[in-house]
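Me: Could you take a close look at one part of this structure with me? I'd like to go through the helices.

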Amino acid sequence: VSGVLGLVEAFSNLAAIRNKLGQKKQSLNAAQRALEAYNSVSDPDPSLTKAAVAASVNAANRLMDMRRTEEALAYHREAVRIRRQLNEPYPHLFDSDLASSLHNLAKALAQEGHAAEAFERIDEAIEIYAYLATLGPGIYGPKLMEVTISRSMIPDAPALMSQYRAHKRQLAKQKKREKQKRKKPGRKRRK
């Protein structure tokens, strides 16, 4: 794994350097090579996973720069998937990274006109940053504010908000009904 980690980091660093030099296509290529190396490992450790996420975000950003938003969405989704996977064995340890990836994905979704899904992802990021802001307000408070402002800038936000809230209410009602169905009939609840 350490050899693959070195390879992933090297390609990821190369992608960053190429980007700074304005070589968008070469930067994208290097980021894709980093992800290929990452995907060759069956059970990556957290340091390798973090390097792969950096490469995925780099690839997504280069595609966004090239106005290839639909392709960038795949890389943003991959970054979110990897960060969720990384968070599973280490709850809350990588929350800020996950929230950042969710925010990036939401912005890309909004650009592509997928406002409903953008709201879901950005609300998830807001929820994470709100929790983190209780632990470190000086660090995460500004991030929470940034993501909250981004939410209000999603195209068609006012029109879609009422639909989104109605959908959330419907889901809450459905969960409540399902919870009530799971209760055994005839048993009284303790007060």
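What span should the 21 residues of helix α6 have at 1.5 Å a residue, and how far apart are its end C-alpha atoms?

Reply: Happy to, bearing in mind that this is a predicted model. Helix α6 covers residues 115-135, and at 1.5 Å a residue it should span 30 Å. Its end C-alpha atoms lie 30 Å apart, which agrees with that expectation. Along α6, the buried residues are Ala115, Ala118, Phe119, Arg121, Ile122, Asp123, Ala125, Ile126, Ile128, Tyr129, Leu132 and Ala133. A helix has 3.6 residues a turn, so positions three or four places apart point the same way.

Helix α4 makes a good companion. It runs over residues 69-87, and its 19 residues reach 26 Å from first C-alpha to last, close to the 27 Å expected. Among its buried residues are Leu73, Tyr75, His76, Ile82 and Arg83. The buried residues of α4 pack against α2 (24-39), α3 (46-65) and α5 (95-111).

Arg83 deserves a pause: it is buried yet has no salt bridge. The nearest side chain of opposite charge belongs to Asp97, 4.4 Å away, while the cut-off for a salt bridge is 4 Å. Leaving aside residues up to four places away in sequence, Arg83 touches Val53, Asp97, Leu98, Ser100 and Ser101.

Finally, the structure holds one aromatic pair. Tyr90 and Phe94 meet edge-to-face, 6.0 Å centre to centre with 85 degrees between the planes. Tyr90 is partly exposed, at 34% relative accessible area, whereas Phe94 is buried, at 10%.

Methods. Residues are numbered from 1 along each chain as its sequence is written. This is a predicted model: local features need pLDDT of at least 70, side-chain atom pairs count only at pLDDT 80 or more; totals for chains, interfaces and linings use all residues. Side-chain values use heavy atoms; hydrogens and water are left out. Rings of Phe, Tyr and Trp (its six-membered ring) pair if their centres lie within 6.5 Å; planes under 30 degrees apart count as stacked, over 60 as edge-to-face and the rest as tilted. Buried means under 20% relative accessible area, exposed over 50%, partly exposed in between (1.4 Å probe, protein chains only). Helices (H or I, at least four residues) and strands (E, at least two) are DSSP runs, numbered from the N terminus. The expected span of a helix is 1.5 Å times one less than its number of residues. Lys and Arg count as positive and Asp and Glu as negative; His and the chain ends are not counted. Contact means heavy atoms within 4.5 Å.
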